[in-house]
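Colleague: I have some time to go through this model with you. Could you take my questions as they come?

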Amino acid sequence: MATATTETTTHRSGRRTFGAASKLMLAVATVLVAALVVFVLQNTVHTSISFIAWDFDLGVGVALLGSAVVGAVVALTLSGAVRARRALR
């Protein structure tokens with residue numbers, strides 16, 4: 001009976017509890033971030049990158065990470081534009 005009272009008190013007090021799915025997603029995100037850090041640290045050979053008028057001298061891992069981030073931003077922007085257009089219809 002004490003367990004039921006504790007659970008009820010926890011929910012009534014307004015504290016948020018994390019479910020199993022949230023804990024799993026946090027674990028997956030932690031593993032992915034750790035893998036990303038290892039990838040960047042292992043790919044430290046510098047390369048010269050030219051884009052329009054800019055010249056960069058970056059590590060290969062950092063360059064690939066940057067291009068992935070730019071790609072993700074473009075994809076999120078386009079998907080947001082498509083969702084906004086569908087919502088207006």
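Colleague: Where does Leu36 sit?

Modeller: Leu36 is part of helix H2, in what I should say early on is a predicted model.

Colleague: And is Leu36 buried or exposed, or something in between?

Modeller: Its relative accessibility is 37%, so Leu36 counts as partly exposed, because that class covers everything between the buried limit of under 20% and the exposed limit of over 50%.

Colleague: How far is Leu36 from Leu65 in space?

Modeller: Their C-alpha atoms are separated by 8.4 Å, although the two residues are 29 residues apart along the chain.

Colleague: What about Val38, where is that one and how open is it?

Modeller: Val38 also belongs to helix H2, and with a relative accessibility of 42% Val38 counts as partly exposed. Between the C-alpha atoms of Val38 and Gly61 there are 9.5 Å, with the two residues 23 residues apart along the chain.

Colleague: Which residues does Phe39 touch, leaving out its sequence neighbours?

Modeller: Once residues up to four places away in sequence are set aside, Phe39 touches Gly61 and Leu64. Phe39 lies in helix H2 as well, and at 34% relative accessibility Phe39 counts as partly exposed. Val60 is 21 residues from Phe39 in sequence, while the C-alpha to C-alpha distance between them is 9.8 Å.

Colleague: Why do you say H2 as a whole lies largely in the open?

Modeller: Because the number of buried residues among the 23 residues of H2 is one, where buried means under 20% relative accessible area.

Colleague: What end-to-end span should H2 have, and what does it have in the model?

Modeller: Helix H2 covers residues 20–42, and at 1.5 Å a residue its 23 residues should span 33 Å; the C-alpha atoms at its ends are 33 Å apart, so the expected and modelled values agree.

Colleague: Stepping back, what is the overall layout of the chain?

Modeller: The secondary structure comes to three helices and two strands, and along the sequence they follow the pattern α-α-β-β-α. The chain has 89 residues, of which 4% count as buried. It exposes about 8,000 Å², with carbon and sulfur atoms supplying 69% of that area.

Colleague: Now the strands. Where is Ile52, and what is unusual about its phi?

Modeller: Ile52 is in the loop between strand E1 (46–51) and strand E2 (54–59). Its phi is positive, about 50°, although Ile52 is not a glycine. Most residues other than glycine have a negative phi.

Colleague: Is the Ile52 side of things buried or exposed?

Modeller: Ile52 is exposed, with a relative accessible area of 76%, which puts Ile52 over the 50% limit for that class.

Colleague: Which residues form a nonpolar patch with Ile52?

Modeller: The patch on the surface is formed by Phe51, Ile52, Trp54 and Phe56, and together they have about 500 Å² of accessible area. Phe51 is partly exposed at a relative accessible area of 48%, whereas Trp54 is exposed at 52%.

Colleague: How many aromatic pairs are there in the whole structure?

Modeller: A search of the whole structure finds one aromatic pair. The pair is formed by Phe51 and Trp54, and it is stacked, with 6.0 Å from centre to centre and 20° between the planes.

Colleague: Why does that count as stacked?

Modeller: Because the planes are 20° apart, and planes under 30 degrees apart count as stacked.

Key:
Residues are numbered from 1 along each chain as its sequence is written. This is a predicted model: local features need pLDDT of at least 70, side-chain atom pairs count only at pLDDT 80 or more; totals for chains, interfaces and linings use all residues. Side-chain values use heavy atoms; hydrogens and water are left out. Helices (H or I, at least four residues) and strands (E, at least two) are DSSP runs, numbered from the N terminus. The expected span of a helix is 1.5 Å times one less than its number of residues. Buried means under 20% relative accessible area, exposed over 50%, partly exposed in between (1.4 Å probe, protein chains only). Patches are made of residues with over 30% relative accessible area and no salt bridge: like charges are joined within 9 Å, nonpolar side chains (Val, Leu, Ile, Met, Phe, Trp, Tyr) within 5 Å. Accessible areas come from the Shrake-Rupley method with a 1.4 Å probe; for residues, only the protein chains shown count as cover. A salt bridge is a side-chain nitrogen of Lys or Arg within 4 Å of a carboxyl oxygen of Asp or Glu. Rings of Phe, Tyr and Trp (its six-membered ring) pair if their centres lie within 6.5 Å; planes under 30 degrees apart count as stacked, over 60 as edge-to-face and the rest as tilted. Contact means heavy atoms within 4.5 Å.
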